[in-house]
Amino acid sequence: MSGEESKPAVDGNEERIVQVPPSLTVRDLAGLMDVSPIDIIKQMMNDGIMANINQQIDFDTAAIVGSEMGFEIVPELFEEEDAPRAEPGVPPRWRFISDEDPANLRPRPPIVTVLGHVDHGKTTLLDSIRETNVQASEAGGITQHIGAYQIDVQGRKITFLDTPGHEAFTAMRARGAQCTDLVILVVAADDGVMPQTREAIDHARAAQVPILVALNKVDKSNANIDRAKQELADVDLLAEDWGGEVICVPISAKERQGIEELLENIFLVTEVAELKANPDRPAQGTAIEGTLNERQGVTVTLLVQNGTLHIGDVVVIGDRCGKVRAMFDDQGNRIQEAGPSMPVAILGMPSVPTSGDLFEVVESDRVARDLIAVRVDAAREAAKVSPRVITLDDIFQRMQAGDIKELNLVLKADVQGSIEPIAKSLASLGSDDLKVNILHQGTGNISESDVMLAVASSATVIGFNVEIDSAAQRLAEVEAVDVRRYHVIYRLIEDIDKALQGLLEPVYRDVVTGRAEVKAIFRIPRRGSIAGSYVVDGQITRNGLAHVLRGEEQIYEGKIASLKRFTEDVQEVASGYECGIGLEKFNDCQEGDVIECYQKEQV
């Protein structure tokens, strides 16, 4: 359906009135307006808004798009007591089911991710949980590893995501994937809270996911459960038996002690969230991982989060599409369908998608191609508009526009003694409209994990007396993350304070675009001198900024007033050509001087 076909005819000032809720997806808005979702996506692109068919949009955005397409968008009427109330510590509902009819929703299994410090027993715990649930007939066989698996606990199911760590967990979230109901934090009772433990906690909190602590290795002679709980309390994870709200389960993954209690507590923590999905609709979810081998071709692990996936379904994953030719569960068994919260491996994709890409089932190959074309155009347009991450330069404007209420920061410093005064000073800044929220703080250089957390949470990375790793630098450049490093505490605090008040001036650096060597000086009456020059590299631009270097010393900074090739005025002269350069209010060039043309670039 083209944009012209779907746009309703409007006679004079008559507009079709459409009631919409405070937030909804592009697909749902299209259904209410009875137009193609692709036409809405195109209209949003024209307005500078990048969105996919499952993107959540607010009422104001829907009203603008609807008005431009000939509709009058009005708020949906509902009884206040029917509005859902958020419980403390309960994760946000899946974006996929936020606007499903409640009558169509059915309970679904919880989805759990295991995080923690290296060597604290994450892999051993996952292996123990899985092996205790492998059927006897498969005890001697090899089960298929698909990056996620589902177990059965007395007729109730739990899905575990086998991610390598919090970096992968956050990388998926950075791509829009919200696919965890609960994080199990593994803490070794003999080791306590370690740096990676703190990172995992901060990544889980940034994702607004509840945390359940598994105190592992309690069978060891040097285990100290009370000390581990004290260290957890120091990072605001207070155990229930200490008067807090965090469930801590003592386990030994190696000896398989406490595993059943841990599984029961998973149900206990997730029951309050009333996890539901609609199984009677086309499937939607997230691509967990993908592999390529010569025998089977591309195998993709999908986590179905809403709907049911069937053999033969046409699936769009990111900017790729294919048809499900075969489907396997985590035991390697061929299956015909997969419902909500179920991980499956599928065959039929032409190439390996990116981990964290969202997937959805569409009606046909034609619809899939149209949707991919829109996504490719949207990605191309997204490169032209402002980045989705938030910088200190635009934080105040984003707050005034109503986009944000917090300045998220990732803070790294050289020593712990520096972090505490900085964090305390930052906490006192801002107002009720715009506050500072430190997502993660730690010592050491700025790492790739820090930048990935900033990408996923629209945060700024602040470093004090630290460097940035090369991999982190590359990622920050690709994702346009604002990374700022300081060596003076008061300058750091001052910049954040100014950013919150909209007073921060951007920082610029000089980027040389061309160099010319002066070969001769021509004196022109009443006009001063012209430097006859040879452009060594780059290009010289008329009205551009210029430095004049004499040896190692800079003797002039100003502007190029005139630029000539022979007797003709020109706008620019490229490398390998001669030209005459006149400098504004400067007539003291000498043979051998170097004229640098440069431009100011915002850091």
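This report walks through helices, helix packing, salt bridges and one loop residue in a predicted model.

**The overall picture**

The chain has 15 helices alongside 33 strands. Of its 603 residues, 48% count as buried. If you take the contacts with a separation of 6 or more, residues 24 or more positions apart account for 71% of them.

**Three helices and what they bury**

Start with helix 7, which runs over residues 195-206 and has twelve residues. From first C-alpha to last it reaches 17 Å, close to the 16 Å expected at 1.5 Å a residue. Its buried residues are Thr197, Glu199, Ala200, Ile201, Asp202, His203, Ala204 and Ala206, so charged side chains such as Glu199 and Asp202 are on that list by the under-20% cut-off for relative accessible area. Just past the end of helix 7, Gln208 takes a positive phi of about 60°.

Helix 15 covers residues 489-501, and its 13 residues reach 19 Å between the first and last C-alpha, close to the expected 18 Å. Here the buried residues are Leu492, Ile493, Asp495, Ile496, Ala499 and Leu500. They cover an arc of only 160° around the axis, which puts them on the same side of helix 15. The general background is handy at this point: an α-helix has 3.6 residues a turn, so residues three or four places apart point the same way.

Helix 9 (residues 259-271) also has its span close to expectation: 13 residues, 19 Å from first C-alpha to last, against 18 Å expected. Buried in helix 9 are Ile259, Leu262, Leu263, Asn265, Ile266, Phe267, Val269 and Thr270.

**How helices pack**

Helix 9 packs with helix 5 (residues 122-131) at an angle of about 90°, with the axes 11 Å apart. That makes helix 5 roughly perpendicular to helix 9. On the helix 5 side the contact is made by Leu125, Ser128 and Ile129, and on the helix 9 side by Ile259, Leu262 and Leu263. Those three helix 9 residues also appear in the buried set of helix 9.

A second pair is helix 3 (residues 37-46) with helix 4 (residues 59-68), where the angle is about 100° and the axes are 10 Å apart. Helix 3 and helix 4 are therefore roughly perpendicular to each other. Ile40, Gln43 and Met44 of helix 3 meet Thr61, Val65 and Glu68 of helix 4 in this contact.

**Salt bridges**

How many salt bridges does the structure hold? There are 20. Three of them are set out here.

| Pair | Closest N to O distance |
|---|---|
| Arg227 and Glu231 | 4.0 Å |
| Lys412 and Asp450 | 2.7 Å |
| Asp510 and Lys600 | 2.9 Å |

The Arg227 and Glu231 pair sits within helix 8 (residues 225-234); being four residues apart there, the partners are separated by about one helical turn. Arg227 is partly exposed, at 34% relative accessible area, and Glu231 is partly exposed too, at 23%.

Lys412 and Asp450 are another story. Their salt bridge links distant parts of the chain, with Lys412 in strand 22 (residues 406-413) and Asp450 in helix 13 (residues 448-457), 38 residues apart. Are these partners buried or exposed? Lys412 is buried, with a relative accessible area of 3%, and Asp450 counts as buried at 1%.

The Asp510 and Lys600 bridge also links distant parts of the chain: Asp510 belongs to strand 26 (residues 508-524) and Lys600 to strand 33 (residues 594-602), 90 residues apart. Asp510 is partly exposed at 37% relative accessible area, and Lys600 is partly exposed at 46%. Elsewhere, salt bridges that share partners join Arg156, Glu264 and Glu271 into one network.

**A loop residue after helix 9**

Where does Leu275 sit? Its place is in the loop between helix 9 and strand 12 (276-277). At 13% relative accessibility, Leu275 counts as buried. Leaving aside residues up to four places away in sequence, Leu275 touches Arg106, Pro107, Arg108, Pro110, Asp181 and Thr270. One of these, Arg108, is 167 residues from Leu275 along the chain, yet their C-alpha atoms are separated by 5.8 Å. Thr270, also on the contact list of Leu275, is one of the buried residues of helix 9.

Conventions. Residues numbered from 1 in each chain as written. Predicted model: local features only at pLDDT ≥ 70, side-chain atom pairs only at ≥ 80, totals over all residues. Heavy atoms only, no water. Helix = DSSP H or I, 4+ residues; strand = E, 2+ residues; numbered from the N terminus. Expected span 1.5 Å × (residues − 1). Buried < 20%, exposed > 50% of the residue type's maximum accessible area, 1.4 Å probe, protein only. Arc of directions from axis to C-beta. Salt bridge = Lys/Arg side-chain N within 4 Å of Asp/Glu carboxyl O. Axes fitted to C-alpha atoms, helices over the stretch in contact; angles between N-to-C directions. Parallel < 35°, antiparallel > 145°, perpendicular 65-115°, else oblique. Contact = heavy atoms within 4.5 Å.
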